[in-house]
Amino acid sequence: MKSLNTLHNFIATLQKVAGQMNAHRDIVKYLSVPQRVVEVELPVEKDDGTIEIFHGYRVQHNNARGPYKGGVRFHPNVDLNEIKALAAWMSLKTAVMDIPYGGAKGGVTVDPYSLTDRELQRLSRLFVERLGSTIGPTVDIPAPDVNTNSQIMAWFADEYMRLNGGDGHAEAAFTGKPLTLGGSQGREEATGRGGVIVLLEYLKAKGKDPKDMTVAVQGFGNVGSYFAKFADEAGFKVVAVSDSEGGLFYKDGCNVQAMIQSVTAGGKLEKNICYPKKSVTDVEDDMSSCEPISNKELLELEVDILVPAAVENQITEDNANNIKASIILEMANGPTTAEADNILQEKNIAVIPDILANAGGVTVSYYEWTQNLQNLYWSEEEVNTKLERKMRIAVQEVLQQQEENLCTMREAAYRLAIGRLQDAMLLRGWIHPRKEDVSGKVNGH
């Protein structure tokens, strides 16, 4: 049901915005379905000699604007409808950022915490082998997502190079790689850093001072922890953090740097180098300075800014009326359902949508890919400067769309993306110009 809701959320918003902007009649048809779905069975030999079969997916949604691009997640709840929705959001995200990519997403239905390091490596390599020629530096470029990271990208890349040794740009087949294997400076923290840039640019446009604005972060993985770090450095007061095991509320503000050091100091799974972190609930903190809370309670805290940075469908029609934050920054993909979106709009709560807020990762992935193709590498300062410029321009363009069309930020971002995708499909001849729109432009695109 969750995955069906996720796909429903995308299609419902797509149909609504396309209708509002008088988009080409075929645009919704094209964007409602992926161009290709790859399903693979992955028989992995466990360390005890037994075989376990996992199911993997790669959904390639749209490549009108460039090669398919999107992460691969390892999670027990991965299924096809979820991956279809995530791939579609990637097509919109790359269009909003105006980078020459399409959208894709991949996943394996697995609890990676139940596997040893060797078992994870076998699974990772087999997934790349089974995807075969459907991925590659000019076709489809996977990247990290939920429960995958630079180590898994290293295994992916090494297996791809083993199978395609003659490809002169094989290292460009994946992004989010370790630096020693062609990764980019600034890639690991790019999504969190980009989210703070988006938030600061939004507040600047609204004439609001970020100093001492309170923030609650749901999800303290790579995205959430880096977001909290950079938000803390920018002057925001992070008062609550959580992960899948629960959370903590700090009335006077969390010591974010100490929290990050604590959760990364050593994880519960010593057998597995891929997942070194431990839960925020395991942090040995002075409990007089904080109190335990659930993820549900975190979402309903009285804070200025709520940052869902975990998984989809966290803000629903069941809890949207209880949201007290004035701004929601969607650092997760699809954390808000379509029904909840309507409630939040009625409550005048500003939602900075995922296809803008968390686009820092794919933007620096683009920079990594570009560096790999040129065999020319930039400093961290250069990467961060390029990222900030790109994110700020995207925020300004979305806000301009919002002002011109008197709509929500999500609708404005969709307008921007749909317009750019439509232009590309018209130019390619996938759809044909309408008599009333012979220029091939819609609403200024």
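Colleague: What comes right after helix 14, and is its phi positive or negative?
Modeller: Helix 14 is followed by G429, and the phi of G429 is positive, near 85°. Helices here are DSSP runs of H or I with at least four residues, strands are E runs of at least two, and both are numbered from the N terminus.

Colleague: What kind of model is this?
Modeller: It's a predicted model, where local features need pLDDT of at least 70, side-chain atom pairs count only at pLDDT 80 or more, and totals for chains, interfaces and linings use all residues. Residues are numbered from 1 along each chain as its sequence is written, and side-chain values use heavy atoms, with hydrogens and water left out.

Colleague: Back to helix 14: how far apart are its end C-alpha atoms?
Modeller: They are 29 Å apart. At 1.5 Å a residue, the 20 residues should span 28 Å, which agrees. The expected span is 1.5 Å times one less than the number of residues.

Colleague: Is helix 14 mostly covered or mostly exposed?
Modeller: Mostly covered, with 18 of its 20 residues buried. Buried means under 20% relative accessible area, exposed means over 50%, and partly exposed is in between, using a 1.4 Å probe and protein chains only.

Colleague: New topic, cavities. How many are there of 30 Å³ or more?
Modeller: One, with a volume of about 80 Å³. On a 1 Å grid over the protein atoms alone, a cavity is a set of points where a 1.4 Å probe fits but cannot get out; a pocket is an open set with protein on both sides within 12 Å along at least five of seven lines; lining residues have an atom within 4 Å of a point.

Colleague: Which residues line that cavity?
Modeller: Among them are N9, F10, T13, W89, D341, D354, R410 and Y414. Helix 1 (2–20), helix 10 (338–346) and helix 14 (409–428) each give two or more residues to the lining. The largest share, three residues, comes from helix 1.

Colleague: And by class, what is the lining made of?
Modeller: Four nonpolar, five polar and three charged residues.

Colleague: What about the second largest pocket, how big is its volume?
Modeller: About 430 Å³. The pocket is lined by 20 residues, and Q345, I349, V351, T408 and M409 lie nearest its centre. Helix 1, helix 10, strand 12 (350–352) and helix 14 give two or more residues each to this lining. Here the largest share, five residues, comes from helix 10.

Colleague: On to the strands. Is strand 4 mostly buried or exposed?
Modeller: Six of the seven residues of strand 4 (residues 103–109) are buried, so the strand is largely enclosed by the rest of the structure.

Colleague: Which way does strand 2 pair with strand 4, parallel or antiparallel?
Modeller: Strand 2 (residues 51–62) and strand 4 are antiparallel, over six bridges. Q60 stands opposite A104 in strand 4. Two strands count as paired if DSSP finds at least two bridges between them.

Colleague: What about strand 3 and strand 4, parallel or antiparallel?
Modeller: Strand 3 (residues 68–75) runs parallel to strand 4, joined by four bridges, and V72 stands opposite G106. The chain gets from strand 3 to strand 4 through helix 3 (residues 80–96), and this β-α-β crossover is right-handed. Right-handed means that, with the strands pointing away from the viewer, the path from the first strand over the helix to the second runs clockwise.

Colleague: And how many bridges join strand 1 to strand 2?
Modeller: Ten, and strand 1 (residues 36–45) runs antiparallel to strand 2. P43 has I53 as its bridge partner in strand 2. The hairpin of these two strands has five residues between them, and G49 takes a positive phi near 95° there.

Colleague: Which residues have a positive phi without being glycine?
Modeller: N22, at about 55°, and N348, at about 60°, are two examples. Most residues other than glycine have a negative phi. N22 is in the loop between helix 1 and helix 2 (27–32), while N348 is in the loop between helix 10 and strand 12.

Colleague: Is N348 buried or exposed?
Modeller: N348 is exposed, with a relative accessible area of 68%.

Terms used: Grid points are joined across faces, edges and corners, and a volume is the space filled by probe spheres set on the points. Ala, Val, Leu, Ile, Met, Phe, Trp, Tyr, Cys and Pro count as nonpolar, Asp, Glu, Lys and Arg as charged, and the others, Gly among them, as polar.
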